[in-house]
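Let's walk through this model together, beginning with one small detail and widening the view from there. Please keep the structure open as you read.

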Amino acid sequence: GRLVGTLAFNDFGSGKTFTESDRAFLALFAAQAAIAIENARLFGEERRRRRQFEVLREVGSEIARELDLDRLLTMVLERAMDLLESSTGMIALWDEAAKTLSFRVGLGTLAAVPESPIAVGEGLVGRVAASRTGLIVNDYRAWPLARPSVLSHSAVTAGIAEPLLCRNALVGVINLGHAGDRRDFSAEDAQLLRLLADQAAVVIENARLFREQQQRREQLEAVRLVSPEIARELDLDRLL
């Protein structure tokens, strides 16, 4: 069976010795204690898990109401860091024209990393963009593919990243990290971040489309206002 812990007794100064009967009794007691300890631990993990999924549901409802892209990205990153109890994070969005990822928002030590474009396949974020699947690197500072700018401008020791996919199209990548400690990310962390990323990708894409439409409406309104003015001018020099 799986080791839960160790139960031991010592006798000092009385001269008493333990017998095989004592050992057998302790073995029976330890077996019962191990079951109780494991049940209590599983109950605690299940309760924490239920709370995480409840928070995830609340986050999904919260971000769905936000249409400002910059505020939305910050909100998604903050909620993801809270959910996984990470100390740093960043979101990069996919630039279809340049075929690179552009840094958009960062918190913690990752906010200090230079905002240069990230090529597909470069570092943790670039690898996730290339594969369209999540990735955990729990020994980031020894990882051969770590970005030098992240190593030099942050204290990240472990990283996790998930792609932001909307209708199978890449929207961006969310990247979280532990900095200054030796905590690791788990498969459960990856599942939670994947669920959040699925919700966030759709909302981010909607907010981006909303911003583009808003800019388009502003451009058309500017053309509408200017057109009558230039139509009335017949002097070529003044018109130009």
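Start at the side chain of Asn 138: one of its polar atoms lies 2.8 Å from the backbone nitrogen of Phe 185. That is a polar contact, meaning a pair of N or O atoms within 3.5 Å; within protein, one must be able to donate a hydrogen and the other to accept it, and residues adjacent in sequence count only if both atoms are side-chain atoms. Before going on, please note that this is a predicted model, in which local features need pLDDT of at least 70 and side-chain atom pairs count only at pLDDT 80 or more, while totals for chains, interfaces and linings use all residues. Residues are numbered from 1 along each chain as its sequence is written, and side-chain values use heavy atoms, with hydrogens and water left out.

Asn 138 sits in the loop between β4 and α4. Helices (H or I, at least four residues) and strands (E, at least two) are DSSP runs, numbered from the N terminus. Is Asn 138 buried or exposed? Asn 138 counts as partly exposed, at 23% relative accessibility; buried means under 20% relative accessible area, exposed over 50%, and partly exposed in between (1.4 Å probe, protein chains only). Not counting residues up to four places away in sequence, Asn 138 touches Thr 157, Ala 158, Arg 182, Asp 184 and Phe 185, where contact means heavy atoms within 4.5 Å. With Thr 157, the separation is 19 residues in sequence and 6.9 Å in space, C-alpha to C-alpha.

Now move along to Ser 154, in the loop between α4 (148-153) and β5 (156-166). Ser 154 is buried, with a relative accessible area of 9%. Its side chain reaches the backbone oxygen of Val 150 at 2.6 Å and the backbone nitrogen of Val 156 at 3.4 Å. Leaving aside neighbours within four places in sequence, Ser 154 is in contact with Thr 109, Leu 110, Val 113 and Arg 141.

Val 156 leads us into the sheet, since its bridge partner in β6 is Ala 179. β5 and β6 run antiparallel and are joined by 10 bridges. Together with their companions they belong to an open sheet of six strands, in the order β3-β2-β1-β6-β5-β4, with antiparallel pairing. The edge strands are β3 and β4, each pairing on one side only; two strands pair if DSSP finds at least two bridges between them.

Two helices are worth a look beside these strands. Helix α2 (residues 69-84) lies across β1, β2, β5 and β6, and runs at about 65° to β2. That angle is taken between N-to-C directions, from 0 to 180 degrees, with axes as lines fitted to C-alpha atoms, for helices over the stretch in contact. In helix α3 (residues 123-131), the buried residues are Gly 123, Leu 124, Val 125, Gly 126, Val 128 and Ala 129. Their cover includes β1 (88-95), β2 (100-107), β3 (118-119), β4 (135-137), β5 and β6 (169-179). After α3 comes Arg 132, with a positive phi near 60°.

Stepping back, the protein has six helices and six strands, in the pattern α-α-β-β-β-α-β-α-β-β-α-α along the sequence. Of its 240 residues, 35% count as buried.

Finally, consider pLDDT, the predictor's confidence in each residue, from 0 to 100. The mean for the protein is 82, and 78% of residues reach 70 or more. Among the elements, helix α1 (residues 20-63) has the lowest mean, 69, and β4 the highest, 97. Where pLDDT is low, the predicted coordinates should not be read in detail.
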